[in-house]
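Trainee: Could you take me through one part of this model in close detail? I would like to start with its largest cavity and then see what else is worth a look.

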Amino acid sequence: ALPGHLLRGLLPLLSVFRLERAEGAARRAGLSTQPIWRKLWDDVMKTRPPNSENITCWRKKFLETFFSNVLHGVLDISSDWRLNDQHFSPLLHSSPHVSQLTLCNMLQGAVELAAEHNQKVLENLAGSLRILKFQHLLSSDLSIRRSLVLLLHRLIHHGSVSQVSMYSWPVPDTVLLVLILSMSAGFWRSGNALVYHSSPCGLCREEDKAQSQESAPGQAERGCCNEREQSDGENQKGSPGAPKEADMEVNGCRADTHLNPVSSRPGSPSLQNQTCEVPCNHTDQLSCHHLLRKTRRRMKSAVGKKRRCLRRNRGPRVDPEDLYDFVFTVAREDNSGLLDKNSTTEGENAENWTSSSLGSPCTGHASCKKRGGSAGTFSLKAAHRFRSVSTLELFSIPLTGETCRTLSNLLSSWVSLENLVLSYNGLGANIFCILSGLRALSRRSDCQLRVVRLSDVFSHMPCMDLVRCVLSAFPQLHTLSVSFDLKNQLEGNSPQGIPSCSEAEIPESCLEQLEIRFPREPLHTAFLLPVLKASKSLQQLSLDSATLPCSQELGLLLEALRECNPNLKKLSFHDVNLAEHQKEVLLLLQDPVLQEITFSFCRLFESSTPEFLSEIINAVKRNSTLKSLKLPGNRLGNHRLAALADIFSEDSSSSLCQLDVSSNCIKPDGLLEFTKKLEGHIQQRGGRIQFTHLRLFQNWLDQDAATAQEALQRLQAVCSVVNDSWDSSQAFADYISVM
């Protein structure tokens, strides 16, 4: 109700709690609180946030970071009067603004959020949180894992988290890692292993109650039939005509105890009461889930558990070993719901595996095959299926063979997964295990995977073979990125019994973005050509660290791109020696379709003549399609940078908006000369210019601070300049080579 001028003066004097409450009034009065939140950030956080130029809402940025800092105990709210309000509950009032959260070390944050007094905070996060990150995790005890289970169940299975990312875990706790992976995939066993309270999740109970009401008319009859069948099965055990043990198990707890596919969208009904027709509580419900082909002795034990299930015991009993059993259950069955009829089984020879017909789950590769099951195989029959995330990212987390087999099994039915990123996981030969699970997933009609990014230090197979292998299984992919630093010295042939992926047939694909980082492999257009032909929708192509085996190779590639990919908009070369390919470079700059071209660390001017730079400038001036030109790391120097200003001369028809000249040995006087020439061209054109962004990272602007400051200030009146503080003394050797 205050007048606008009074409210404007009052807002900076409010605490965080009252400023948050006054947000609506300020908006109605046409006042922005963004400067106040930005000042709060500077005063309280005392750091410059990364990518600050891209922050659109400082209110959300402050409250989200404030929540994280308070949760991890790195911010004392008594340090600033604006935070120290008796009405202000730090976690509660900031939690609705938290869209991403990082948990680290001993998961102290998870323990705090799972505590009873933070129940309302957890409810707020279930509605607001989209990205959950784990970083620098350490081993944890059972009590911490209990809290983590509760947190993941609420935020993923009954919440809005769509992305789980894990970073920098050099020696991962396998139990904890697989627990996070399995719950991210939507699997949860609501028995002794993972229920740590006297009753199951309240939301699960509500869903179960709704389901039981819907199926009430026939429920009693089915329960009686099941009990009678179970009793009959016991009585027939010794008779000559008794059914086989597998049949008895199906009769005792119905065949639909196998995992049923369910929607991964929020609000999908729980399967907790659907998996077993015998009425039982959640504690012993998983005793109704039996693996086929068990011994008669274990069958007797299972029947005993079913009797206890009918009696409904009092509540769950926590056993520290249950969690370990849940994560590493030995799945010996061959008839698992995850196994496709055409998949390779343990008794088959590995030579049946082909790049176009990968086994599922992982059984085709020698390193993934173990007689009698594997301790790393995740048994999904004893778990229920809930909502799952759509993005999984694993960065710098070594994956053992057992963990890869578990991940492969999870991937094979993870239909909600849209984005998969596996980066520096030391896969080695286990890459075939991951591919096996992905191949099984590709056969699911409801598969939604659209983005796959695989990167590692060593490549276990040629990059192009891996690209063909993935695309042959997933023609519906929109983005595929394959990146390796070094070639494995043992690489040469595919594992014994497995034919090369280069034989895979690639159907017509939906691929729009392809990124390949070669570990100093030669770029043979003949190998890339089938991929380009199958990718008619390709819009972005990035080739990194490749070698050109002959002078004609780049020309062949450009010809293939013109013929096969008429919709290509962005083309990038990084760390590819183009010093001897000036003709091809000019052809690319004249291309009437390309909108963005990147020559990054391509040694463009290493052996060029002055005429080559003039030809580049003229080609860009005549190209009205090109919007972005990136030339980082090409040793432009001062005089070449100044010459590039002529791209915007009065006679130019260029539509160039962005120019990247990072890492080019540019000094302050050279930048000032470029600025003056650019200002002159703009004046000649009457101020009409489309140039909007200039990137100047890692140049030598610290050598004359005053001149650099003048140049930057004048440039910022023309375009947006992105710069950094960089110590040029580290690049002295590069400077000598340019001189």
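Mentor: Happily; here is a walk from the cavity outward to the surface, a helix and some charged pairs.

Keep in mind that this is a predicted model. A search of the whole structure turns up six cavities of 30 Å³ or more, and the largest of them has a volume of about 100 Å³. Its lining is made by Leu 422, Leu 427, Gly 428, Ile 431, Leu 454, Ser 455, Asp 456, Phe 458, His 460, Met 461, Leu 466 and Phe 484. Strand 8, which spans residues 451-459, is the element that gives the most to this lining, with four residues.

Let's pause at Ser 455, a lining residue of the largest cavity that sits in strand 8. Is Ser 455 buried or exposed? Ser 455 has a relative accessible area of 15%, and because buried means under 20%, it counts as buried. Leaving aside residues up to four places away in sequence, Ser 455 touches Leu 422, Ser 423, Tyr 424, Asn 425 and Ser 483. Leu 422 is therefore worth highlighting in your viewer: it is a contact of Ser 455 and also lines the largest cavity.

Phe 458 takes us to the surface. Besides lining the largest cavity, Phe 458 joins Val 457 and Leu 486 in a nonpolar surface patch, and together the three have about 250 Å² of accessible area. Leu 486 belongs to strand 9, residues 479-487, and is partly exposed at a relative accessible area of 45%.

Now a look at helix 17, residues 401-411, which is mostly covered: 10 of its 11 residues are buried. Those buried residues are Gly 401, Thr 403, Cys 404, Arg 405, Thr 406, Leu 407, Ser 408, Asn 409, Leu 410 and Leu 411. Their cover includes helix 10 (174-184), strand 4 (187-188), strand 6 (391-395), strand 7 (419-423) and helix 18 (431-442). Two of these covering elements lead back to the cavity: Leu 422 and Ile 431, both in its lining, fall within the residue ranges of strand 7 and helix 18.

To finish, the charged pairs. The whole structure holds 20 salt bridges, and three of them show different settings. Asp 42 pairs with Arg 38, their closest N and O atoms 3.4 Å apart. Why do Asp 42 and Arg 38 sit about one helical turn apart? They are four residues apart in helix 4, residues 34-45. An α-helix has 3.6 residues a turn, so residues three or four places apart point the same way. Both partners are partly exposed, Asp 42 at 37% and Arg 38 at 31%.

Arg 444 and Asp 446 form another salt bridge, with 3.7 Å between the closest N and O atoms. Here too the partners are partly exposed, at 26% relative accessibility for Arg 444 and 34% for Asp 446.

The side chains of Asp 660 and Arg 695 meet at 3.6 Å, N to O. This pair links distant parts of the chain, 35 residues apart: Asp 660 is in strand 15 (residues 658-660) and Arg 695 in strand 16 (residues 693-695). Asp 660 is buried at 9% relative accessibility, whereas Arg 695 is partly exposed at 33%. Elsewhere, salt bridges with shared partners connect Lys 39, Asp 43, Asp 80 and Arg 82 into one network.

How values were computed:
Residues numbered from 1 in each chain as written. Predicted model: local features only at pLDDT ≥ 70, side-chain atom pairs only at ≥ 80, totals over all residues. Heavy atoms only, no water. Patch = residues over 30% accessible without salt bridge, like charges linked within 9 Å, V, L, I, M, F, W, Y side chains within 5 Å. Areas by Shrake-Rupley, 256 points an atom, 1.4 Å probe, with all protein chains shown as cover. Salt bridge = Lys/Arg side-chain N within 4 Å of Asp/Glu carboxyl O. Helix = DSSP H or I, 4+ residues; strand = E, 2+ residues; numbered from the N terminus. Buried < 20%, exposed > 50% of the residue type's maximum accessible area, 1.4 Å probe, protein only. Contact = heavy atoms within 4.5 Å. 1 Å grid on protein atoms, 1.4 Å probe; cavity = no way out; pocket = protein on both sides within 12 Å on 5 of 7 lines; lining within 4 Å. Points joined across faces, edges and corners; volume = space filled by probe spheres on them.
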